[in-house]
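Please look at the structure shown here and follow the questions below, each of which asks what lies behind a term or a value.

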Number of protein chains: 4
Amino acid sequence: MGYHHIHRYRIAFVDCDPAQIVHFSNYFRWFDTASREFFTACGVPSWRDTERGSGLIGTPLVDAQASFRNPATYGEDIEIESWVDRWSGKSFVMRHVARRGDTVLAEGREVRVFAVRDSVDPPVIRAVAVPAGIRAMCGD
Amino acid sequence: MGYHHIHRYRIAFVDCDPAQIVHFSNYFRWFDTASREFFTACGVPSWRDTERGSGLIGTPLVDAQASFRNPATYGEDIEIESWVDRWSGKSFVMRHVARRGDTVLAEGREVRVFAVRDSVDPPVIRAVAVPAGIRAMCGD
Amino acid sequence: MGYHHIHRYRIAFVDCDPAQIVHFSNYFRWFDTASREFFTACGVPSWRDTERGSGLIGTPLVDAQASFRNPATYGEDIEIESWVDRWSGKSFVMRHVARRGDTVLAEGREVRVFAVRDSVDPPVIRAVAVPAGIRAMCGD
Amino acid sequence: MGYHHIHRYRIAFVDCDPAQIVHFSNYFRWFDTASREFFTACGVPSWRDTERGSGLIGTPLVDAQASFRNPATYGEDIEIESWVDRWSGKSFVMRHVARRGDTVLAEGREVRVFAVRDSVDPPVIRAVAVPAGIRAMCGD
């Protein structure tokens, strides 16, 4: 079983909307941050470093989905559990669960690819095969 | 066939990330804005007004999904086409397509409910049946 | 001397712009969050609670200013030190310093008032005198 | 007298906070966007293009300040008027006024420099003299 990462965050006032609850789009931001923190915890260098080496600029999304189970608001401490659910040749699936204590707030699923820059302007990027080295670092 | 709304936006520098392309989470924000603009174009009052009347505070999301087809960057003008794909008793499905000229950038699907406030603190909200009056305003 | 609060944060990918550094506007967001965390650390209840009690909805800004000393990027851990520099009858001045280790990244100054809601729609708010109880909680 | 640019925007739901008004940090984002739109209107190419040519990556901020005069909320149409108030050797001052009709919502002042990249990682940037060509394009 692959690595599961826990990312902790306290919800900020600015994350909440006029309904006084977290604006759903922030879950996508937090899942994205949790995804990068997952790689950091596995020892994968920053995308700045990988760009200079192998050319990798990151793991852009092909698809993102989330279900929102319970509202949350500012001042609350949440945990986001993240893991790779599936690796395939050119993409991988990350899953995230945001919880406040035992309460599930949101569940997310991201399909990501590893990408390199294809040209500078307009910034065209191109998917490459999942690097075996990174996959191994993530405990697969 | 229901109403289709076009929301226009010029991508800003701050919308783009270190990969120099739009951060995907912004599409969810823009789809959310396009959804509210859809209702505005149909004549639905602001949620501030509806809260004072029927208690409706808006249309929080139960589920959101988007596929990202092509990258975009700042200074580019995009259009988001939005419509209600399906109404059911307690929820409805909105669809959005973001385009730059003829190029599809992203496609989104949101499941939303109409909600009222159930208590003040913690801010608990509760789904209500889709109001027939709003549904009629939206050309269904 | 009043209380000084330290707010810790790891910079996220989405906080950075195409120049690959933190977009300056995020410092204003983090200073705002640090300001609320300052009050929380002093024992001031959430603005949701104070609104139900005394009517206070928060501490909106009258003026904000920041100087940006050094760039920072994602994955870096920063600390924001926050304190009240001056209390006056109807407003107060908060100061913030963001640091990465010993390096000052940004310094901010906010002039804030305590506000209550004056009407519901359009949402008009009104400054009130600085509550003596809150001022006392903050060690002044 | 230099060029004055008008940037138009309709405030979005996600721009507003639990006090149901625009979170002040968004004015800084909008002023930043208005600043780039100012240069675009003057004929200055995107920073992607200038980076490939002269190396310029943009106009990072050294200092930003804003005063908040009146609250605003979502669905409202605003205009931001922007101009260069002063050019000096290594920096320039932009001013912005955000208005809803005749009501001034916020006034901003930014001190910016033109910058080039000094190294790739960590992303160090360096101020350069204000390019005479750009200054001339902006009607000075």
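Q: What makes Phe39 of each chain, A to D, stand out in the largest nonpolar core?
A: In this predicted model, the largest nonpolar core has 160 residues, and of these Phe39(A), Phe39(B), Phe39(C) and Phe39(D) touch the most other members.

Q: Which residues does Phe39(C) touch, and why are they called contacts?
A: Leaving out residues up to four places away in sequence, Phe39(C) touches Val44(C), Trp47(C), Thr59(C), Trp87(C), Phe92(C), Met94(C), Phe114(C), Ile134(C) and Cys138(C). They are called contacts because heavy atoms lie within 4.5 Å.

Q: How do you know how much area chain A and chain B bury between them?
A: The size of an interface is often given as the accessible area lost when the parts come together. For chain A and chain B this comes to about 2200 Å², with 59% of it on carbon and sulfur atoms, and 26 residues of chain A are in contact with 26 residues of chain B.

Q: What does the rule find across the interface of chain A and chain B, in salt bridges and in polar contacts?
A: The rule finds 0 salt bridges, so no side-chain nitrogen of Lys or Arg is counted within 4 Å of a carboxyl oxygen of Asp or Glu there. It does find 16 residue pairs in polar contact, both at pLDDT 80 or more.

Q: Which element gives the most to the side of chain A that touches chain B?
A: S3(A) gives the most, with 8 residues.

Q: What is counted between chain D and chain A?
A: Chain D and chain A bury about 1400 Å² between them, with 0 salt bridges and 2 residue pairs in polar contact, both at pLDDT 80 or more.

Conventions
Residues numbered from 1 in each chain as written. Chains lettered and ligands numbered in written order. Predicted model: local features only at pLDDT ≥ 70, side-chain atom pairs only at ≥ 80, totals over all residues. Heavy atoms only, no water. Buried area = accessible area lost by both parts, 1.4 Å probe. Polar contact = N/O pair within 3.5 Å; in protein donor to acceptor, adjacent residues only side chain to side chain. Core = buried A, V, L, I, M, F, W, Y, C linked by side-chain atoms within 4.5 Å. Buried < 20%, exposed > 50% of the residue type's maximum accessible area, 1.4 Å probe, protein only. Helix = DSSP H or I, 4+ residues; strand = E, 2+ residues; numbered from the N terminus.
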